[in-house]
Amino acid sequence: MNLGQHQTEIERNRRAWESKPLLREIYASFYQRIIGLVDRSLPGRIVEIGSGIGNLKSHLPEAISTDLFPNPWLDLVCDGYELPFADGSLSHLILFDVFHHLQRPNAFFREARRALRKDGRVILFEPFISWSSLPVYGLLHHEPVALRRPIDLSEPAPNPRNYYAAQGNATRLFFRRGSGAWPPGWNVFHAEPLSSFGYLLSGGFSKPAMYRGRWLPQIQRMDRSLSRWPRLFGARCLVGLRPAAGGV
Ligand SMILES: C[S@@+](CC[C@H](N)C(=O)[O-])C[C@H]1O[C@@H](n2cnc3c(N)ncnc32)[C@H](O)[C@@H]1O
């Protein structure tokens, strides 16, 4: 399967976004979480990688929205493995549901380190795999969870770039015991699993919602409580990283 699969999904997602106000509300709360990790006092540009249908920008207008494909609502075409930005010029790189499409995460982190300021930040928002989210991501979503498939931690960017998806990668790399030293040359300053039945039961971009939009505030309240037990109830995660001083 080649990279065109992403563009097919972007077009489908745009249609769902326009017809499903519930999804827009859920994503607004996700964007606020991400923005909570943005330090606006840092000089340099904020760049979103893999913006897809490009909605973060309506909550964070100063972000440069980018993707692999030249869609009219984006600012720039940009590959996360080969950032078209000068060394040390960026304050933030934001990836929403993009990290699990990076076949070689270390190749991305090497390039991110080059383009970011020394005190810059990478912010990731990803699926989190728990006892309750696994059946949903595994059975109802077309992308593999791939909890047992080896993750390629080599540093050169993949060539050719083929479509890749492994929804379990952030959970495995940032939240499993022994993952503390990864990625080399970075400090993880924030790693938060979140319960999100509001999202899981919304049917996302491809399935019908299992609840009425007016129930969302109560479900979100329940999610805030259930986030205390991420192994059971986690469904999303927010990760923030900074380059380590003197790192590789
Ligand atoms: C699941 S979509 C997420 C889109 C958007 N961030 C959102 O949350 O709706 C994954 C996106 O990552 C992009 N992508 C995949 N690999 C990429 C890479 N190497 N560099 C930049 N973007 C990439 C795809 O084109 C796609 O738009």
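1. A polar contact is taken here as a pair of N or O atoms within 3.5 Å. The model is predicted. With that cut-off, the ligand is a reasonable place to start. A backbone N or O atom of Gly50 sits 2.7 Å from a nitrogen atom of the ligand. Gly80 also uses a backbone N or O atom, at 2.8 Å from a ligand nitrogen atom. For Asp67 the partner is a polar side-chain atom, 2.6 Å from an oxygen atom of the ligand.

2. How much of the ligand does the protein bury? On its own the ligand exposes 590 Å², and the protein buries 93% of that. The elements that contribute two or more residues to the surrounding shell are α1 and β1 (45–49).

3. The shell around the ligand holds 19 residues, with Gly50, Asp67, Asp79, Gly80 and Phe96 the closest. Sorted by class, nine of the shell residues are nonpolar, six are polar and four are charged.

4. Helix α1 covers residues 4–19. Its 16 residues should span 22 Å at 1.5 Å a residue, and the end C-alpha atoms are 24 Å apart, so expectation and model agree. The buried residues of this helix are His6, Gln7, Glu9, Ile10, Asn13, Ala16 and Trp17. They pack against α2 (21–35) and β2 (64–67).

5. Phe125 belongs to strand β5. Its relative accessible area is 0%, so Phe125 is buried. Setting aside neighbours within four places in sequence, the contacts of Phe125 are Phe30, Arg33, Ile34, Leu95, Phe96, Asp97, Leu194, Arg236, Cys237 and Leu238. For one of these contacts, Arg236, the separation from Phe125 is 111 residues in sequence and 7.2 Å in space, C-alpha to C-alpha. Phe96, another residue on the contact list of Phe125, is also among the residues closest to the ligand.

6. Ser130 is placed in the loop between β5 (116–127) and α4 (133–140). Is this loop residue buried or exposed? Ser130 counts as buried because its relative accessibility is 6%, and the cut-off for buried is under 20%. Beyond neighbours within four places in sequence, Ser130 is in contact with Pro230, Arg231, Leu232, Phe233 and Gly234.

7. Val38 is found in the loop between α2 and β1. At 11% relative accessibility, Val38 is therefore counted as buried. Apart from neighbours within four places in sequence, its contacts are Ile46, Leu60, His92, Ile94, Arg121 and Ile123. Val38 and Ala235 are 197 residues apart in sequence and 22 Å apart in space, C-alpha to C-alpha.

8. Some backbone geometry deserves a check. Most residues other than glycine have a negative phi, and most peptide bonds are trans. Asp97 is not a glycine, yet has a positive phi of about 60 degrees. Asp97 lies in the loop between β4 (90–96) and α3 (105–115), and is one of the residues in contact with Phe125.

9. Ala146, also not a glycine, has a positive phi of about 55 degrees. Its position is in the loop between α4 and α5. With a relative accessibility of 16%, Ala146 counts as buried.

10. Which peptide bond is cis? The bond from Asn159 to Pro160 is cis, with omega near 5 degrees. Pro160 is in the loop between α4 and α5 (169–175), and Ala146 is likewise in the loop between α4 and α5.

Notes:
Residues numbered from 1 in each chain as written. Predicted model: local features only at pLDDT ≥ 70, side-chain atom pairs only at ≥ 80, totals over all residues. Heavy atoms only, no water. Helix = DSSP H or I, 4+ residues; strand = E, 2+ residues; numbered from the N terminus. Expected span 1.5 Å × (residues − 1). Buried < 20%, exposed > 50% of the residue type's maximum accessible area, 1.4 Å probe, protein only. Contact = heavy atoms within 4.5 Å. Near = heavy atom within 4 Å. Polar contact = N/O pair within 3.5 Å; in protein donor to acceptor, adjacent residues only side chain to side chain. Areas by Shrake-Rupley, 256 points an atom, 1.4 Å probe, with all protein chains shown as cover. Nonpolar A, V, L, I, M, F, W, Y, C, P; charged D, E, K, R; others polar.
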